[in-house]
Amino acid sequence: MRLSDLHRILGKRGFTIEPAAKHHKVTAPDGVAYTIPCHNGMRTEITKIYLKGLCRAFGLTEEDLRD
Amino acid sequence: MNTQPQRELFFCWAVIRPADDVPGQWVSHCLDMDVISQGNTPLEAVSMVFEATAIVASDDLMKGRNPLDRRAPAEDWEALDRLQEKCESVTNLEEFLSRLSIAENQHLALVVQFKVQVDLRTHQPAESRRISRMPALACQQVAC
């Protein structure tokens with residue numbers, strides 16, 4: 001999955017995303033924040049381990065991240 | 001006189017490994033706050049997890065949350081314990097990595113202890129860097 005795909009999926013679920021240095025800061029509707037690496041721009045390839053961490057941070061399942 | 005602390009300081013552990021599923025990517029995981037990042041090289045992955053941890057810690061503190069409540073699952077801490085038993089100390093991480101071949105790099109795991117400081121007045125990261133007295137640890141067996 002690329003960063004651009006993740007942006008689209010999280011955006012649909014009501015998360016807000018803002019740039020923060022070499023990361024993007026994602027904030028859930030309940031205010032919890034987490035970071036997404038964007039060191040290769042919007043084409044950054046996101047790893048499965050990272051996605052598992054993102055799911056833990058926001059209480060999501062991997063199914064929730066399917067388009 | 002204001003005696004309130006102006007900075008919050010956190011000491012954290014991070015594990016850095018090659019990604020299984022994305023060639024050329026390194027995954028860095030701060031266990032204390034369960035923050036994961038990535039980089040194109042081991043060193044970039046280290047600096048990325050410093051940055052990500054500082055952003056998350058600053059945001060949590062601004063919202064009255066304790067970033068240490070995020071702590072990684074127990075199995076990740078157990079994996080860290082196993083790694084530490086097999087690792088060797090590296091005083092100069094950059095120099096150590098420059099001596100490794102690409103093939104050796106692909107089987108490398110790194111353990112780094114670092115500190116994150118957040119300015120409580122601005123809720124911005126004040127500093128995030130490796131603890132110089134605590135050398136990095138390197139292990140050639142990713143599966144350990």
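## Strand β3 of chain A

In this predicted model, all five of the five residues of β3(A) are buried, so the strand is largely enclosed by the rest of the structure. The burial applies to both faces of β3(A). On one side are A:Ala33, A:Thr35 and A:Pro37, and on the other are A:Tyr34 and A:Ile36.

β3(A) runs antiparallel to β2(A), and five bridges join the two strands. One of the pairings is between A:Val26 and A:Tyr34, the latter lying in β3(A). β2(A) and β3(A) form a hairpin with five residues between the strands. In this hairpin A:Gly31 takes a positive phi near 100 degrees.

## Chain A as a whole

Chain A contains two helices and three strands. Read from the N terminus, the order of its elements is α-β-β-β-α. Along the principal axes, the C-alpha atoms of chain A fill a box of roughly 25 × 20 × 20 Å.

What radius of gyration would a compact globule of 67 residues have, and what does chain A have? The expected value is near 11 Å and chain A has 11 Å, so the two agree. Of the 67 residues in chain A, 31% are buried. Taking contacts in chain A between residues at least 6 apart in sequence, 35% join residues at least 24 apart.

## The side of chain A that touches chain B

Contacts between the chains involve 19 residues of chain A and 21 residues of chain B. On the chain A side, the elements that give two or more residues are β2 (23-27), β3 (33-37) and α2 (48-58). The largest share, six residues, comes from α2(A). By class, this side of chain A has eight nonpolar, six polar and five charged residues.

## Helix α1 of chain B and the nonpolar core

Helix α1 of chain B covers residues 42-62. At 1.5 Å a residue, its 21 residues should span 30 Å, and the end C-alpha atoms are 30 Å apart, so the expected span and the model agree. Is α1(B) largely enclosed or largely open? Of its 21 residues, 16 are buried, so the helix is largely enclosed by the rest of the structure. Just after α1(B), B:Gly64 takes a positive phi of about 75 degrees.

The largest nonpolar core has 48 residues. Those that touch the most other members are B:Ala14, B:Ile16, B:Val49, B:Val56, B:Leu110 and B:Val112. α1(B) gives the most to this core, with 10 residues. In soluble globular proteins, nonpolar side chains tend to be buried together.

B:Ile16 also illustrates contacts between parts of chain B that are separated in sequence. Not counting residues up to four places away, B:Ile16 touches B:Trp26, B:Ser28, B:Pro42, B:Ala45, B:Val46, B:Ala109, B:Leu110 and B:Val112.

## B:Trp77 in helix α2 of chain B

B:Trp77 lies in helix α2 of chain B, which covers residues 74-86. Why is B:Trp77 classed as partly exposed? It has 14 other C-beta atoms within 10 Å, and a residue counts as buried at 20 or more and as exposed at 12 or fewer, so a residue in between is partly exposed.

Leaving aside neighbours within four places in sequence, B:Trp77 is in contact with B:Leu31 and B:Ala72. B:Trp77 and B:Val15 are 62 residues apart in sequence, and their C-alpha atoms are 9.9 Å apart in space.

Technical notes: Residues numbered from 1 in each chain as written. Chains lettered and ligands numbered in written order. Predicted model: local features only at pLDDT ≥ 70, side-chain atom pairs only at ≥ 80, totals over all residues. Helix = DSSP H or I, 4+ residues; strand = E, 2+ residues; numbered from the N terminus. Contact = placed C-beta atoms within 7 Å. Rg over C-alpha atoms; globule rule 2.2 N^0.38 Å. Nonpolar A, V, L, I, M, F, W, Y, C, P; charged D, E, K, R; others polar. Pairing = 2+ DSSP bridges. Expected span 1.5 Å × (residues − 1). Core = buried A, V, L, I, M, F, W, Y, C linked by C-beta atoms within 7 Å.
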